[in-house]
Amino acid sequence: MTKEIERKILELSQHYPERASAIMPALDLAQRANENYLPPAEVKQVANLLKITESQAYGVATYYTLYHTKPVGKYHLQVDTNIPGFLAGANEILAHLEERLDVNAGETTKDGMFTLTAVEDLGSCGTCPVVQVNDIYYENMTIAKVDALIDALTQGVMPEPDRTMNFYSECQILLKNRGKPNAREIAVYKDGGGYRGLAKALAMEPKQIVTEVKESLLRGRGGAGFPTGVKWGFLPKNDPRPIYLICNADEGEPGTFKDRQIMEYDPHLLIEGIAIAAHAIGAKKAFIYIRGEFRWIADILEHAIQQAKADDQLQHVDIVVHRGAGSYVCGDETALMESLEGKRGNPRVKPPFPANIGLYGCPTIINNVETLACIPSIVEQGAAAFKQIGTLGNSGPKLYGVSGHVKKPGMYEFPLGTLLTTILDAAGGVEGTLKGVIVGGLSVPILKADEINDLKMDYDGCLKAGTMLGSGGIMVMNATVSIPQLALRTIQFYAHESCGQCTPCREGSQTIAALLQKLLKGRGAVQDIDLILDLCRRIIGLTLCPTGDAFSMPIRAMITKFRDEFEALVKTR
């Protein structure tokens, strides 16, 4: 490790209240300085610099998927084969790359030029298939585009990526600047009214802002739908400990790619929301925990923060962009805090809850990107205006990411409570005959075609229909899709992402995967189907974080609603 890298690591550590929190960016720096490889000697040096134990550093290095403890090629090709990719033909892309490069997934070519890997969700659901090459996403890929990419890489050329994506905004709040030239620049943002909400907020008492947010009935957009103002109100009063604000930007739920739209194309909207929230709750330090694969988006955010600082918008709060390193479970707020403290991302026991004992043992509020992006509008226009959007008890705009078998997959902003059929029409309609829809990310129960006609896409409407709004990640499946194959790919994701801390999740996901594979290979029995359902029933509610529920509920729904497809695997043995 060079002296320059050591200097940068020590400089990074100054951004955190505790030096151990710098372990993840430090390991990333060390890996990049060593041809994308992180050998034990480098991990040891990082540990010594940060004055943490080697075992802690090695535990972190081996927990997260973005750290490479084995050498990789000059170009690391990662193909997202999760459900949106599965529906868009990613498996065919992967098979073609295996043939073209003469390697299997997980292997490196003999000349050390290419490493090929099949990976889980990359947050590019509306632009699948996607191939990530080192830090760059190549989206909307075809066999021909893959061949052109390999030809260019062989010549030492990294082509410019095409960021084309379908989008539409009816509300003109969260996507109002999408498509506007230079929208990432603070001058353009302010010309459109940006930072007016912050100016108004700074002239208000913090409790007035909390009251306004409560009255707006803004519900958290991360998936649970808990009222944001009520959450802020849980902070202890007159507590001498520092208060921390965390923006959860670790967007890893398959089918979900909404937060990326805000951060990538309107970063100042998020920065303004964080600044207002920090003033409201009394936080002097805020963190944006962003998934590590979104490296270029993290750079965009850091540029926006520097612009906001130079414009004196952030005199009351210091915002740090903290890059994750590949862990679905870190989307859970307690696992995220463990990760931010420089540990493996294992969920904590609750209670205590983060509002009382959170980051570094201090009061902490954790809000989703989309949630915080709604705050400027609420403060500037008022709670009453915000409640005019949406349905009773489900206020404001919502980003719906549509992927799968539609003609125009992409991002669509509508009022909460908009009919699902209206959203699908905006996405160009279904390609082929509709079979099923997952409406809130992979962790919610599937709906059959005859269950969606009058479905209002809000928290209450989805619950009434027997599913959940979740993140609003809509995955559409036509009649060509095998539900047993879909179920297997679903459980494989969760088995891969389980942190292993809870036995029901760790063992249950692996067992369900094995049973589904047995059925798909024609060696299963009806009793295996019933056993899967029994496992799902028993796992729900028994894990520290929602991951156990997140696979039990969708797998149970797939089998219950499409049981004939599973039984056909037994009958045709």
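Start by selecting Ala-90, Ile-93, Leu-94, His-96, Leu-97 and Leu-101: these residues of helix H6 are buried. Keep in mind as you explore that the model is predicted.

**Stop one: around helix H6**

With those six still highlighted, look down the helix axis. The buried residues cover an arc of only 165 degrees, which puts them on the same side of H6. Now turn to the other side of the helix and pick Glu-92 and Glu-99, which are exposed.

Next, select the whole of H6, residues 90-101. Its 12 residues reach 16 Å from the first C-alpha to the last, close to the 16 Å expected at 1.5 Å a residue. Step past the end of the helix to Asp-102, where phi is positive, near 60 degrees.

What covers the buried residues of H6? Bring up strand E1 (75-80), strand E3 (114-119) and strand E4 (131-133), which are part of that cover. Helix H5 (83-88) and helix H7 (143-154) belong to the cover too.

**Stop two: a pair of helices**

Move to helix H2 (residues 23-32) and helix H4 (residues 54-61). Two packed helices are described by the angle between their axes and the distance between the axes. Here the angle is about 75 degrees, and the axes are 11 Å apart. H2 and H4 are therefore roughly perpendicular to each other. To see the contact itself, show the side chains of Ile-23, Met-24 and Leu-27 on H2, then Ala-57, Val-60 and Ala-61 on H4.

**Stop three: Ala-286 in its strand**

Now jump to strand E8 (residues 285-290) and choose Ala-286. Is Ala-286 buried or exposed? At 0% relative accessibility, Ala-286 counts as buried. Leaving aside residues up to four places away in sequence, Ala-286 touches Leu-245, Ile-274, Val-317, Asp-318, Ile-319 and Val-320. If you like, draw a distance from the C-alpha of Ala-286 to that of Gly-361: the two residues are 75 apart along the chain, and these atoms are separated by 15 Å.

**Last stop: the cysteines**

How many disulfides does a search of the whole structure find? The result is zero. Select Cys-125 to look at one case: the nearest cysteine sulfur, in Cys-128, is 5.8 Å away, whereas a disulfide needs the two sulfur atoms within 2.5 Å. Cys-125 is buried, with a relative accessible area of 3%. Finish at Cys-502, which is in no disulfide either; the nearest cysteine sulfur there is that of Cys-499, 6.1 Å away. Cys-502 also counts as buried, at 15% relative accessibility.

Notes:
Residues are numbered from 1 along each chain as its sequence is written. This is a predicted model: local features need pLDDT of at least 70, side-chain atom pairs count only at pLDDT 80 or more; totals for chains, interfaces and linings use all residues. Side-chain values use heavy atoms; hydrogens and water are left out. Buried means under 20% relative accessible area, exposed over 50%, partly exposed in between (1.4 Å probe, protein chains only). Helices (H or I, at least four residues) and strands (E, at least two) are DSSP runs, numbered from the N terminus. The expected span of a helix is 1.5 Å times one less than its number of residues. The arc is that of the directions from the helix axis to the C-beta atoms. Contact means heavy atoms within 4.5 Å. Axes are lines fitted to C-alpha atoms, for helices over the stretch in contact, and angles run from 0 to 180 degrees between N-to-C directions. Angles under 35 degrees count as roughly parallel, over 145 as roughly antiparallel, 65 to 115 as roughly perpendicular and the rest as oblique.
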